[in-house]
Amino acid sequence: MQERLPAPECDSPAGSVFPPPAGRRVYCNRNLRLDLVKAVGFDMDYTLAIYRQAEMDRLSIEATVSKLVKRGYSEELVSMKYRTDFPIRGLLIDRKLGNVLKMDSHRYVKTAFHGFRKLTREERRRAYHTRRLRPGTERYHWVDTLYGLSEVAVYAAVVEHLETSGGALDYGQLFSDIRECADLSHQDGSILDAVLDDLPRYVDRDPSLGVLLHKLRSAGKRLFLVTNSGPDYTEAMMSYLLDQALDEYPSWKNYFDYICSASRKPSFFTEKAPFVDVEAQEETRTLQRGRVYTGGNIADLERTLGFAGDEVLYVGDHIYGDVLRAKKESTWRTAMIIQEMDDELRVLREHALNFERAASLEQMRGAVQDELREHQARLKSVERKLHGHESGPEKATLDAQRVRHRRSIDRLRAQLKDLDAEHSALQDTLDEAFHPFWGSVFKAGSEVSSFGHQVEQYAGLYTSRATNLAQYSPMHYFQSPMHRMPHESGSSPGT
Ligand SMILES: [Mg+2]
């Protein structure tokens, strides 16, 4: 991520202290004046409905694995252990080699696992660093939703298991089977019915959701829901989240001007499917308040809303289906919900001193490397001169210079070794604190990760949960922190 200047603290009109605490803050990549936003849309799953990830993963893995066994995979898969702590968002599945990868923003593979075995630097280099990686091709699958994490957990575990038990394995076929079984589990109710049967177990109901929606409505903004979930599931979930949350809104439908379910994002942004009134089972191009629709498209929604383009803010969790497509196909402003931020911010806070130390080690290493290169160049020059001087006083002077440079080179190399060892141990500690397998979701080593890069590119705002928006006035001006160019930075000479 780009370097941020600390935001100045000030008093909000309501008297509370700004900015809110880090975990409740909304972060801004691109300036946004909330007073100019006339309509705010929300995705539902993982945006308004915050799922308990470990419970959802367990449910999804059980359903997927039982379908894999029906397809002929070993019964042993049912009793195996699956590591739900293995995957993170932003990973790339390599269907050809059976690996799971994490890239930086330049598509450079920084970390790779085969099963649960970490590839060595040389293995990574041979597989991925000799030609440009093309993540958009058939060979790769980008894991960009929290739903997708369970598929990675199953893939890594099955690759590990089948290889250690000596079975032949088609990595591409295995991943296709896992994907299909996971999709089927969503379609046939194996997952959704279980969620609806025990909502408190799977969904973290946020009591301030009603407050946020009321606050936005009171400021005159139109609200709408665009979710890919079907109408029945949407009805049950939204009722659980919002019914009776506030006296003024007896039903969840009262909060929204328009409700679009089964919206088939990203096609919703790119195609022209009509809306279908669920109750009347009629196609329509115009929406009415209080009714639930399926299908639809952005153009008809904008026309009905009476607002379009940058007057609309859409809040979602899916980088591709919600944020990237909305951004590329329209000029809707975007806010991305990134649940992982709670953990990321905690590590940044708890390891603040370690981060400072890592930065100062990098600076020291740069300075030592410069000095080392200088002595190496001078030594070369002295040795060239010595060629022509077999004896005499000048030879004695050059000999002394050679000894001096060699000593300095030895000393600097030893220093560099110590600095590298400390930096590498510190980086391991920090990566481990973020995530035992992959480190920070936003970073890949000292670079921004490909996921972090997409967040920077496409999410105007980002925050850990939708209700964090309630911390701000509906007229708030979100300002991207000033970015310093390298020549403006007074604290990092020579970098
Ligand atoms: Mg979602």
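**Exercise 1.** In this predicted model, find what the buried residues of helix 8 pack against.

*Solution.* Start with the partners: strand 5 (39-42), strand 13 (222-226) and helix 9 (231-242) take the contacts from the buried residues of helix 8. Next, pick out those residues. Helix 8 spans residues 209-218, and its buried positions are L209, G210, L212, L213 and L216. Now look down the axis: they cover an arc of only 160°, which puts them on the same side of helix 8. That fits the usual rule of thumb: with 3.6 residues a turn in an α-helix, residues three or four places apart point the same way. Finally, step just past the end of helix 8, where G220 takes a positive phi of about 90°.

**Exercise 2.** Work out which strands stand at the edges of the sheet ordered 10-9-8-7-11.

*Solution.* Read the order first: 5 strands make an open sheet, 10-9-8-7-11, with antiparallel pairing. Strand 10 (117-118) and strand 11 (140-142) each have a single partner strand, so they're the edges, and one side of each is left without a neighbour in the sheet. Then zoom in on one end. Strand 9 (residues 109-114) is joined to strand 10 by 2 bridges, and the two run antiparallel. Across that pairing, F113 sits opposite K118 in strand 10.

**Exercise 3.** Describe how helix 4 and helix 5 pack.

*Solution.* Take the geometry first: helix 4 (residues 149-164) and helix 5 (residues 171-187) pack at about 140°, axes 10 Å apart. Their crossing is right-handed. Then list who meets whom: S150, E151, V154, Y155, V158 and V159 in helix 4 face Y171, L174, F175, I178, R179 and A182 in helix 5. Sorted by class, this contact has 9 nonpolar, 1 polar and 2 charged residues.

Note on methods. Residues are numbered from 1 along each chain as its sequence is written. This is a predicted model: local features need pLDDT of at least 70, side-chain atom pairs count only at pLDDT 80 or more; totals for chains, interfaces and linings use all residues. A residue is buried if 20 or more other C-beta atoms lie within 10 Å of its own, exposed if 12 or fewer, and partly exposed in between; C-beta atoms are placed from the backbone. Helices (H or I, at least four residues) and strands (E, at least two) are DSSP runs, numbered from the N terminus. The arc is that of the directions from the helix axis to the C-beta atoms. Two residues are in contact if their C-beta atoms, placed from the backbone, lie within 7 Å. Two strands pair if DSSP finds at least two bridges between them. Axes are lines fitted to C-alpha atoms, for helices over the stretch in contact, and angles run from 0 to 180 degrees between N-to-C directions. A crossing is left-handed if the near helix is turned anticlockwise from the far one by less than a right angle, and right-handed if clockwise. Ala, Val, Leu, Ile, Met, Phe, Trp, Tyr, Cys and Pro count as nonpolar, Asp, Glu, Lys and Arg as charged, and the others, Gly among them, as polar.
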